[in-house]
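Colleague: I've got this one open next to my coffee and would like to talk it through. Can we take it piece by piece?

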Amino acid sequence: MVRAAAVITGTPHVLHWGWFSIELANLLIIVAMLVVFALALVVPFGRSAPARDDSEKRS
Amino acid sequence: MSGVGAAADQETAHRPRDSWTRALRERIERTVPSGQALPDRQPEYVSSWIYVFGVLTIASLVVVVATGCVLAVGGVAWWHVSSLGHFFNSLHLWSVELFFGFMVVHLWGKFWMAAWRGNRLLTWVTGVLAFVTSIGTAFTGYLSQSNFDSQWISAEAKDGINSIGVGAWFNVLNPGQMLLWHVVLLPLAIGAITVLHVVLVRRHGVVAPIDAVDGE
């Protein structure tokens, strides 16, 4: 964990793919956000008794 | 009917139709359907974590504003000389990080479900405005750190601002102007846009999934 923190907070590690370059810390943040987004889509919310209202009729 | 209610009805009956207070009251009453301002029932498809991120964004904004108010009490250089000030500065920074993270996940979710459907274009547009205004607020925050970092950022930013022709009115090399934009004008704008965005969400309701049949 400490080494991982050092990677993020120390000298920037920049990754290069041709014309594209990105700092490792920024890439890890983007990947983490994509993981959170995917989890938000697939993880059950935990409410077993669904309720309805007339939201669609108001549009 | 109570005496107070009867008196109110009598007063309303005598109030002229062109009364601005009456017109404003009726406009407010029409803005959000009855019972939808703070609903306790939602469609089945709202039972998803993806809908939580909008509320998390607002919760983060509350923490951002609250910690910003504490920093304003101590002053712009307080966090350099006080451990308590440094603590609140860190709370301010990380609540901003979470604010943007939650808002971007909320944005992704709404984009892929085409949340502008069903007469909800203005809801989408106010969300975009909130996002863009938040970026501007964060940038002026970088310029208000009162350290070498903010000096370097402002020196780099001036060329970009000048290239779009607004450097005479929005001078990133003027820390006083940037600080006032950061703590007064832009937070007020974000607050107003956020209120409008939430009112529009409650007015039109949460958009149904693309493949939903009859709103199920």
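Colleague: How many Å apart are the C-alpha centres of domain 1 and domain 2 of chain B?

Modeller: Bear in mind that this is a predicted model. The domain assignment puts domain 1 of chain B at 48-112 and domain 2 at 114-209. Between their C-alpha centres the distance is 14 Å.

Colleague: And which element gives the largest share of the side of domain 1 of chain B that touches domain 2 of chain B?

Modeller: Twelve residues of domain 1 of chain B are in contact with twelve residues of domain 2 of chain B. On the domain 1 side, the elements giving two or more residues are helix 3 and helix 5 of chain B. The largest share is five residues, and it comes from helix 3 of chain B.

Colleague: How do the residues on that side of domain 1 of chain B divide into nonpolar, polar and charged?

Modeller: We're still on the side of domain 1 of chain B that touches domain 2 of chain B, where twelve residues of domain 1 make contact. They divide into ten nonpolar, one polar and one charged.

Colleague: Let's move to helix 5 of chain B. What span in Å should its 30 residues have?

Modeller: Helix 5 of chain B covers residues 83-112, and the reckoning is 1.5 Å a residue. Its end C-alpha atoms are 44 Å apart, which agrees with the expected span of 44 Å.

Colleague: Which residue with a positive phi follows helix 5 of chain B?

Modeller: Helix 5 of chain B ends at residue 112. The residue to look at after this helix has a phi near 50 degrees, and it is B:Ala114.

Colleague: What covers the buried residues of helix 5 of chain B?

Modeller: The buried residues of this helix include B:Phe88, B:His92, B:Phe99 and B:Lys110. Part of their cover comes from chain A, through helix 2 (24-42). From chain B, the cover includes helix 3 (52-74), helix 4 (78-81) and helix 6 (121-142).

Colleague: Which helix supplies the largest share of the largest nonpolar core?

Modeller: That core has nine residues, among them B:Ile50, B:Leu61, B:Val96 and B:Met103. Helix 3 and helix 5 of chain B each supply at least two of its residues. The largest share, five residues, comes from helix 5 of chain B.

Colleague: B:Val105 is in that core. Which residues is B:Val105 in contact with, leaving aside its neighbours within four places in sequence?

Modeller: B:Val105 is one of the buried residues of helix 5 of chain B. From its own chain it has B:Phe53 as a contact, and from chain A it has A:Met33, A:Val36, A:Phe37 and A:Ala40.

Colleague: Take A:Ala40, then. Is A:Ala40 partly exposed or buried?

Modeller: A:Ala40 sits in helix 2 of chain A. Its contacts, leaving aside neighbours within four places in sequence, are B:Trp49, B:Ile50, B:Phe53 and B:Val105. A residue needs 20 or more C-beta neighbours within 10 Å to be buried. A:Ala40 has 19, so it counts as partly exposed.

Colleague: Last one, zooming out. What radius of gyration does chain B have?

Modeller: Chain B is built with eight helices and zero strands, and its C-alpha trace spans about 65 × 50 × 40 Å along the principal axes. Buried residues make up 24% of its 216 residues. A compact globule of 216 residues would come out near 17 Å, but chain B has 22 Å.

Terms used
Residues numbered from 1 in each chain as written. Chains lettered and ligands numbered in written order. Predicted model: local features only at pLDDT ≥ 70, side-chain atom pairs only at ≥ 80, totals over all residues. Helix = DSSP H or I, 4+ residues; strand = E, 2+ residues; numbered from the N terminus. Expected span 1.5 Å × (residues − 1). Buried ≥ 20, exposed ≤ 12 C-beta atoms within 10 Å, placed from the backbone. Contact = placed C-beta atoms within 7 Å. Domains from an automatic or database assignment. Nonpolar A, V, L, I, M, F, W, Y, C, P; charged D, E, K, R; others polar. Rg over C-alpha atoms; globule rule 2.2 N^0.38 Å. Core = buried A, V, L, I, M, F, W, Y, C linked by C-beta atoms within 7 Å.
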